[in-house]
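Subject: The structure we talked about

Hi,

Here is the structure I promised to pass on. Have a look at it first, then read my notes below.

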Amino acid sequence: LESTYGDRLHADRSRQEEELARQVAEAIESKGKVLIPAFAVGRAQEVLLILRRAMKLKRIPTFPIWVDGLVKPVCGLYVTYSSYLRPKLRKLIERSGDPFFSDLEEIRPVEKVEKREEILNGPPCAIVASSGMLSGGASVYYARHLLEDENALIVITGYQDEETPGRQLLAASEGKVSSITLVGQEFKIRCKIRKYHLSAHADASELVGLAARLRPADTVLVHGEGPSREKLARQLSSEPVGRIHIPKRG
């Protein structure tokens with residue numbers, strides 16, 4: 001059983017989505033640019049659909065959203081293989097064609113690398129780009145130009161590994177550091193940083209509920225950091241989950 005979030009409960013998902021759309025719109029209304037580093041498969045598409053829906057429902061004003069990096073071809077795969085998607089998204093694609101690039105003109109792919117500089121020098125906008133942990137790809141290019149911009153906002157929507165620039169950025173948002181290193185260069189952090197909980201992983205209560213329903217003879221806790229696995233093991237100890245194992249590395 002995975003245990004990524006075995007030591008916590010997720011925040012209310014719908015509220016997180018509303019806050020994300022609202023704060024991105026507010027940053028753009030304040031003449032800033034917004035970078036959303038996102039995992040190319042899954043998370044980036046979620047973010048695009050959250051912003052698209054908020055615009056469609058007129059909960060936020062419309063504004064340009066640029067899509068860059070590996071996110072672009074992956075969006076195409078969603079449309080090409082829509083029969084494998086969940087019914088809600090499949091029906092959206094059947095109804096509107098491409099929900100990422102043809103349904104709402106505000107969402108546009110970055111077709112050429114040269115376009116990036118034009119975007120950074122252009123009007124306020126949002127940029128959704130991989131990689132999600134700022135460890136490489138297009139998101140690093142934009143981050144290097146926005147980190148020291150007081151009007152800019154960088155939005156974190158996914159898990160950040162311990163050694164990644166994305167984790168350094170979260171540390172900065174908590175006042176633990178004042179600069180981060182990207183591609184060997186140090187940048188002072190003057191932009192705003194926000195984190196939203198859009199995880200696709202189950203939280204502690206969902207993991208315990210699943211294990212209790214399966215009633216296994218043995219439960220082996222993997223894919224989680226030490227404290228997360230240990231706390232989940234304690235929560236599982238009163239459930240019908242058999243022997244609980246926490247494997248050691250190696």
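Let's start with the inside of this predicted model. The largest nonpolar core has 39 residues, and the ones that touch the most other members are V24, V34, F63 and I65. Many elements chip in: α1 (13-29), β1 (34-37), α2 (43-56), β2 (65-68), α3 (71-80), α4 (87-96), β4 (126-129) and β5 (153-156) each bring at least two residues. The top contributor is α2, with eight residues. If you've wondered about the general idea, nonpolar side chains in soluble globular proteins tend to be buried together.

Try clicking on F63. Ignoring neighbours within four places in sequence, F63 is in contact with V24, A25, I28, M55, E106 and A126. Apart from the largest core there is another one, made of 27 residues, including V110, C125, L134 and I156.

Next, the helices α2 and α3. How do they cross? Their axes come within 10 Å and make an angle of roughly 80 degrees, so α2 is roughly perpendicular to α3. On the α2 side the contact involves A44, Q45 and L48, and on the α3 side V71, V74, C75 and Y78. Sorted by type, the residues of this contact are six nonpolar, one polar and no charged.

Now for W66, which sits in strand β2. Is W66 buried or exposed? Its relative accessibility is 11%, and buried means under 20%, so W66 counts as buried. Leaving out residues up to four places away in sequence, W66 touches R108, P109, V110, K115, I119, C125, A126, I127 and V128. W66 and L48 are 18 residues apart in sequence, and their C-alpha atoms are 9.8 Å apart in space.

Then there's the sheet. It is open, with six parallel strands in the order β3-β2-β4-β1-β5-β8. At the edges you'll find β3 (107-109) and β8 (192-195), each pairing on one side only. From one strand to the next, the twist averages 20 degrees. Zoom in on β1 and β4: they run parallel and are joined by four bridges. One bridge pairs L35 with I127 in β4.

Finally, two helices to look at against the strands. Helix α6 (residues 138-146) lies across β1, β2 and β4, at about 145 degrees to β1. Helix α7 (residues 165-173) packs on the sheet, where α7 touches β5 and β8, and its direction makes about 105 degrees with that of β8.

Cheers

Conventions
Residues are numbered from 1 along each chain as its sequence is written. This is a predicted model: local features need pLDDT of at least 70, side-chain atom pairs count only at pLDDT 80 or more; totals for chains, interfaces and linings use all residues. Side-chain values use heavy atoms; hydrogens and water are left out. A nonpolar core is a set of buried Ala, Val, Leu, Ile, Met, Phe, Trp, Tyr and Cys residues joined through side-chain atoms within 4.5 Å. Buried means under 20% relative accessible area, exposed over 50%, partly exposed in between (1.4 Å probe, protein chains only). Contact means heavy atoms within 4.5 Å. Axes are lines fitted to C-alpha atoms, for helices over the stretch in contact, and angles run from 0 to 180 degrees between N-to-C directions. Angles under 35 degrees count as roughly parallel, over 145 as roughly antiparallel, 65 to 115 as roughly perpendicular and the rest as oblique. Ala, Val, Leu, Ile, Met, Phe, Trp, Tyr, Cys and Pro count as nonpolar, Asp, Glu, Lys and Arg as charged, and the others, Gly among them, as polar. Two strands pair if DSSP finds at least two bridges between them.
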